[in-house]
Amino acid sequence: MLFALVRCWAAGAVVHVVSGYVISHGLIDLLTTDERLDVFAWRLGLRHVPVVLTTVLSVLAGARTLPAERRTSRPLYLSASLVVPLAALGYGYAVAAQVSGIEGVLMPAVTLATGAVVGLSVDRLMDDTDAESPQAAPYF
């Protein structure tokens with residue numbers, strides 16, 4: 001059981017680091033200017049939405065790596081999925097040189113919650129899709 005969790009955490013960490021690096025250097029560095037960061041909508045789009053995407057991918061990687069026979073245990077499933085994003089959130093709070101008001105405190109938690117809910121929902125939808133047989137009756 002511990003090996004399965006460690007494997008999930010490793011997969012989630014690798015996806016979190018790689019996707020965070022690609023998004024920050026591929027998108028954010030190209031579009032960020034001082035004028036844009038003064039407007040909340042641009043900050044939301046350049047800082048917080050990419051974090052949601054990174055969280056979704058890391059939650060999905062951790063959840064999909066968990067073996068099928070272990071997925072029925074809710075605490076094990078949530079631990080495999082959410083430890084990496086929670087650790088990243090804690091690390092972000094620990095190394096923050098300056099917190100810019102309520103946005104700097106609240107938005108990381110909001111992005112974590114949003115990304116976790118979306119990632120777990122996508123994982124459950126993928127499970128439902130995998131469970132359906134290819135010979136299922138058509139919808140019409």
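**A walk around a five-helix chain**

Of this chain's 140 residues, 31% count as buried. Keep in mind that you are looking at a predicted model.

Start with the whole chain in cartoon view. You should find five helices and zero strands, so the order along the sequence simply reads α-α-α-α-α. Now switch on the contacts. Among those with a separation of 6 or more, 71% are between residues 24 or more positions apart. If you draw the surface, its accessible area is about 8900 Å², and carbon and sulfur atoms make up 70% of that.

Next, select Val-14, Val-18, Tyr-21 and Val-22. These four form a nonpolar patch on the surface, and together they offer about 400 Å² of accessible area. Zoom in on Val-22, which sits in helix α1 (residues 2-31). Is Val-22 buried or exposed? Its relative accessible area is 53%, and because exposed means over 50%, Val-22 counts as exposed.

Now jump to helix α4, residues 74-95. Put a distance line between its first and last C-alpha: the 22 residues of α4 reach 31 Å, close to the 32 Å expected at 1.5 Å a residue. Then look along the helix for a bend. Where is the kink in α4? Center on Leu-82: the kink there is about 45°, and the proline Pro-85 comes shortly after.

Stay on α4 and show side chains. Both Leu-82 and Pro-85 are buried. Other buried residues in this helix include Leu-76, Tyr-77, Ala-80 and Ser-81, and you can add Val-84 and Leu-89 to the selection too.

Methods:
Residues numbered from 1 in each chain as written. Predicted model: local features only at pLDDT ≥ 70, side-chain atom pairs only at ≥ 80, totals over all residues. Heavy atoms only, no water. Helix = DSSP H or I, 4+ residues; strand = E, 2+ residues; numbered from the N terminus. Buried < 20%, exposed > 50% of the residue type's maximum accessible area, 1.4 Å probe, protein only. Contact = heavy atoms within 4.5 Å. Areas by Shrake-Rupley, 256 points an atom, 1.4 Å probe, with all protein chains shown as cover. Patch = residues over 30% accessible without salt bridge, like charges linked within 9 Å, V, L, I, M, F, W, Y side chains within 5 Å. Salt bridge = Lys/Arg side-chain N within 4 Å of Asp/Glu carboxyl O. Expected span 1.5 Å × (residues − 1). Bend = angle between axes of the 7 residues up to and from the residue.
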